[in-house]
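Here is a walk through one protein model, from the overall picture down to a few individual residues. Have a look at it first, and then we'll go through it together.

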Amino acid sequence: MKICMITDTYHPSFDGIVRYLDYLIPELLQKGYEVSVVCPSAKGLPHYSSPQPGLEIIRTSTTRFRSNAYYWAVPDWRLIKAIIQSDYVVLHSLMPLGLAGGLLSKLLRKKIGFWCHHDERVIFNDILKLPPFLIRFFYKCIRKVYTKIVDVFFHATERFRRKLVSFGAPSDKTHHTPFAINTQKFHPEPEIDLR
């Protein structure tokens, strides 16, 4: 099976999403899946690369427009080609790249997963500082995306599960997938006897 992951952040950026993908992608490759990651371009990096067998990184064009720490990527023919060649599409954001990828995937009758790890209230209120009428409009649009486009939802925390359900996502189609933890640095139990 070919899985296409669409994300608004990837290496050389380094954040929670990139860390999560660094944990998830090797697991998928080990299970025999082929993975393509569609992400924004980065200065000095090629549009296509294959860092290991079964993994392809596809970088779309990127604008100079920035929200918080993220530059907005532009959906282009590379995104369309990656979706056509995939069996399953996983969205990691509803930024322009993710939203366009979701709509294209639906038109191409692909199965669509969405990993919920963000809070629109923070994005719309604190980062973009949108007026209330625009926030209400975008919430209606997001509810439509959740109920009409996405086939299965993944949530990082209980709070995000509740958000998905409140936005109309069926609870039987939501699955808990926690944030990645580097087990080589963090251990659930101490390695030494503290006594």
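A residue counts as buried when its relative accessible area is under 20%, as exposed when that value is over 50%, and as partly exposed in between. Keep that in mind, because C4 has a relative accessible area of 0% and so is buried. C39 is in the same position as far as that cut-off goes, since its relative accessible area is 0% and it is buried too. A disulfide is a covalent bond between the sulfur atoms of two cysteines. How many disulfides turn up in a search of the whole structure? Zero.

Before going further, one thing to remember is that this is a predicted model. Now for the overall picture. The protein has six helices and 10 strands. Its 195 residues include a buried share of 41%. If you take the contacts with a separation of 6 or more, 50% of them are between residues 24 or more positions apart.

Next, the inside. Nonpolar side chains tend to be buried together in soluble globular proteins. Here, the largest nonpolar core has 48 residues. Which residues have the most contacts inside that core? They are M5, I6, I25, V35, V37, V38 and Y146. Helix α1 gives the most to this core, namely six residues.

V37 is a good place to stop and look around. Leaving out residues up to four places away in sequence, V37 touches M5, T7, Y10, I25, L55, E56, I57 and I58. Let's follow one of those contacts, the one to L55. L55 sits in strand β4, which covers residues 55-60. Its relative accessibility is 5%, so L55 counts as buried. Apart from residues up to four places away in sequence, L55 touches I25, L29, V35, V37, S49 and S50. You can also pair L55 with S36: they are 19 residues apart in sequence, while their C-alpha atoms are 5.7 Å apart in space.

Now turn to a charged residue, D15. You'll find D15 in the loop between β1 (2-6) and α1 (16-30). D15 is buried, yet it has no salt bridge. Where is the nearest side chain of opposite charge? That is R19, 8.2 Å away. A salt bridge needs a side-chain nitrogen within 4 Å of a carboxyl oxygen, so at 8.2 Å R19 does not form one with D15. What the side chain of D15 does have is a polar atom 3.0 Å from the backbone nitrogen of V18. D15 is also in contact with T9 and Y70, setting aside its neighbours within four places in sequence.

Other charged residues do pair up, and the salt bridges come to three. One of them joins D76 and R78, with the closest N and O atoms 3.1 Å apart. Are these two partners buried or exposed? D76 is buried, and R78 is buried as well.

The other pairs to look at involve E158. E158 forms a salt bridge with R161, and their closest N and O atoms are 2.7 Å apart. E158 and R161 are three residues apart in helix α6 (residues 158-166), so about one helical turn separates them. E158 counts as partly exposed because its relative accessibility is 40%, and R161 counts as partly exposed because its value is 26%. R162 also forms a salt bridge with E158, here with the closest N and O atoms 3.9 Å apart. Because R162 and E158 are four residues apart in helix α6, they too are separated by about one helical turn. R162 has a relative accessibility of 47%, so it counts as partly exposed. With partners shared between salt bridges, E158, R161 and R162 are joined into one network.

R161 also leads us to the last stop, T174. Leaving aside neighbours within four places in sequence, T174 is in contact with F153, H155, R161, L164 and A169. T174 is found in strand β10, which covers residues 174-176. Is T174 buried or exposed? T174 counts as buried, because its relative accessibility is 10%. Its side chain reaches the backbone oxygen of S171 at 2.9 Å.

Terms used. Residues are numbered from 1 along each chain as its sequence is written. This is a predicted model: local features need pLDDT of at least 70, side-chain atom pairs count only at pLDDT 80 or more; totals for chains, interfaces and linings use all residues. Side-chain values use heavy atoms; hydrogens and water are left out. A disulfide is a pair of cysteine sulfur atoms within 2.5 Å. Buried means under 20% relative accessible area, exposed over 50%, partly exposed in between (1.4 Å probe, protein chains only). Helices (H or I, at least four residues) and strands (E, at least two) are DSSP runs, numbered from the N terminus. Contact means heavy atoms within 4.5 Å. Lys and Arg count as positive and Asp and Glu as negative; His and the chain ends are not counted. A polar contact is a pair of N or O atoms within 3.5 Å; within protein, one must be able to donate a hydrogen and the other to accept it, and residues adjacent in sequence count only if both atoms are side-chain atoms. A nonpolar core is a set of buried Ala, Val, Leu, Ile, Met, Phe, Trp, Tyr and Cys residues joined through side-chain atoms within 4.5 Å.
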